[in-house]
Amino acid sequence: MSILLGEALERESLKAAEPRLLNSVADALTRPVRWVHSSEVLDIAPLLSGGELLLSGGQALALETGERQTEYVRELAARGIAALALETGPALPEVPAGMLQAAEAAGLPVIELRHVVPFVAVMQEINSLLVSESVEQLQRGDQTSHAMAAELAHGGGLDQLLAVLAERTGASARLVSPSGLTLGSAAGSAAGSAPPVDGGRLMTVDVPVRGVLAARLELHVPDGGDSGLAQVAGERSVDILGLALLQRMPPGLRELAGIELMRAINSGSQSWQLQQLGPASGFPTNGQVAALVIRSTGAGHLRSALDALLRVHVPHSASYADNAELIALASVGDGAATRTALMDALRALEMPAGSAVALGPVGKGIDEAPWSLAQARRTLDLGLVGGGVVDAEAFAVERLAEEHLDPATRDGFVQRQLGAVVEHDQLRRSELLRTLTVWLDTGCNTAQAARELHLERQSMHHRLQRIFELCGGDPRGTGRLAALHLATRLARLSAP
């Protein structure tokens, strides 16, 4: 149900465009393409399911800012598409360097189409081929699930069921609990006694029991294996594996309640539901909690590492993976101290390049868990940080302003307070606004600000003197200090 990207580029309808890979992404041409789609809509990412080759004429992109262009490729990479193919021409003479850098950092191949070709013809040729392959793979997937059902009927355990799946797909199979424990495994026909960890492609399929995630099926397809067949067979085997889990290894009630709690928090359920699920999953109703969000192309694979980290640093926790986003709730006990230790641990967590993490503020009870999660998500949505671990508490002003002040009001306030400083930076290519921002953020600590800006102390004093001249004097000890600090924070929301 897929072809390799390199094969797709060699199809006659697409080859006529003289496609060229523009960035360096590992194994780009061996990525499986599950479907070909074309769109000029920049907000297309939520409508994609992953594995698509996306074709675009580039007209809409050419009119956007550099920030929106890079955001566009990051969104597509987060959805797991196979590649982005952009048509260059009068509207878009070349693919912007910023887009290519962002795409390479996120692991998204970008293809330049150097000649105009009818996208309809491209989609018709390649998608017709994919549909024909999918029919055969669906049949083989059904045959695999029937064989697994027969094995279960004869008393086979999880290892035996996974052995059937591995034998018929050639992929190594492993069933993992939400907490990361291996429930069963089997090596593929091209592997040894255990599932391989290097090379090939790892695919995952959720296995629910009674509507609650009970395990995750991991299929490791070796290089040259049929990943499409493995995906179909894995999806067809979900019910059989769920039944085997229910009969032989029912998940613990606390674990199931924790998963259901995270789903409720994620959907913003009413407080009475949270008060029921919280204690059942180990969270005291009135205990302090903090939510966190990880956005990463490897979010699903980070879950085990995150759960292990949380077990060490907080009294109790629960996590939930959804597409390219991983969310978790931590019981923080005394609040500030535990939360600070958790922030330090998250900063040390190894994650793929471009991953972004936000730790939400402390909620005074399980009822405020959705609020803490929403604040963490909103912090990442502001787009003020490109990646890494951020503390949502540090962006409370920006969130409040973005939600309650319209852009014209924000820009007007910044202009009145800092207009002369902004104009100086534009005319002289100086960094007075950044200097003032750092100085204010450090509590007007000149020495600390100089260290953060890598400036000599004398240079820092000269900059501050010029800033004070432009702003009407030294603001310390006056009511203008708060206004200037607010203006520097609002300026971040309007930065190009």
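**Exercise 1.** Which residues of strand 15 (residues 356–359) are buried on one side, and which on the other?

*Solution.* Keep in mind that we're working with a predicted model. Start with the general pattern: side chains in a regular strand alternate between the two faces of the sheet. Now go through strand 15: A356 and A358 are buried on one side, V357 and L359 on the other. Both faces of the strand are therefore covered.

**Exercise 2.** Work out which strands pair with strand 15, and in which direction they run.

*Solution.* Take strand 12 (residues 289–295): four bridges join it to strand 15, and the two run antiparallel. Next comes strand 16 (residues 388–391), joined to strand 15 by four bridges too, but running parallel. To pin down the register, use L359: L292 stands opposite it, and so does D391 in strand 16.

**Exercise 3.** Find the residues that touch the most other members of the largest nonpolar core, then look at the surroundings of L162.

*Solution.* The core has 29 residues, and the best-connected ones are L162, L165, L175, L217, L241 and L245. Helix 7 (158–169) is among the elements that supply at least two residues, and its six are the largest share. Now skip neighbours of L162 within four places in sequence: what's left in contact is A173, L175, G184, S185, A186, L217 and L241.

**Exercise 4.** Decide why R303 counts as buried or exposed.

*Solution.* First locate R303: helix 12 (residues 299–313). R303 counts as buried because its relative accessibility is 4%, and the cut-off is under 20%. Then list its contacts beyond four places in sequence: P178, L213, R216, S319, Y320, A321 and L326.

Conventions. Residues are numbered from 1 along each chain as its sequence is written. This is a predicted model: local features need pLDDT of at least 70, side-chain atom pairs count only at pLDDT 80 or more; totals for chains, interfaces and linings use all residues. Side-chain values use heavy atoms; hydrogens and water are left out. A nonpolar core is a set of buried Ala, Val, Leu, Ile, Met, Phe, Trp, Tyr and Cys residues joined through side-chain atoms within 4.5 Å. Buried means under 20% relative accessible area, exposed over 50%, partly exposed in between (1.4 Å probe, protein chains only). Contact means heavy atoms within 4.5 Å. Two strands pair if DSSP finds at least two bridges between them.
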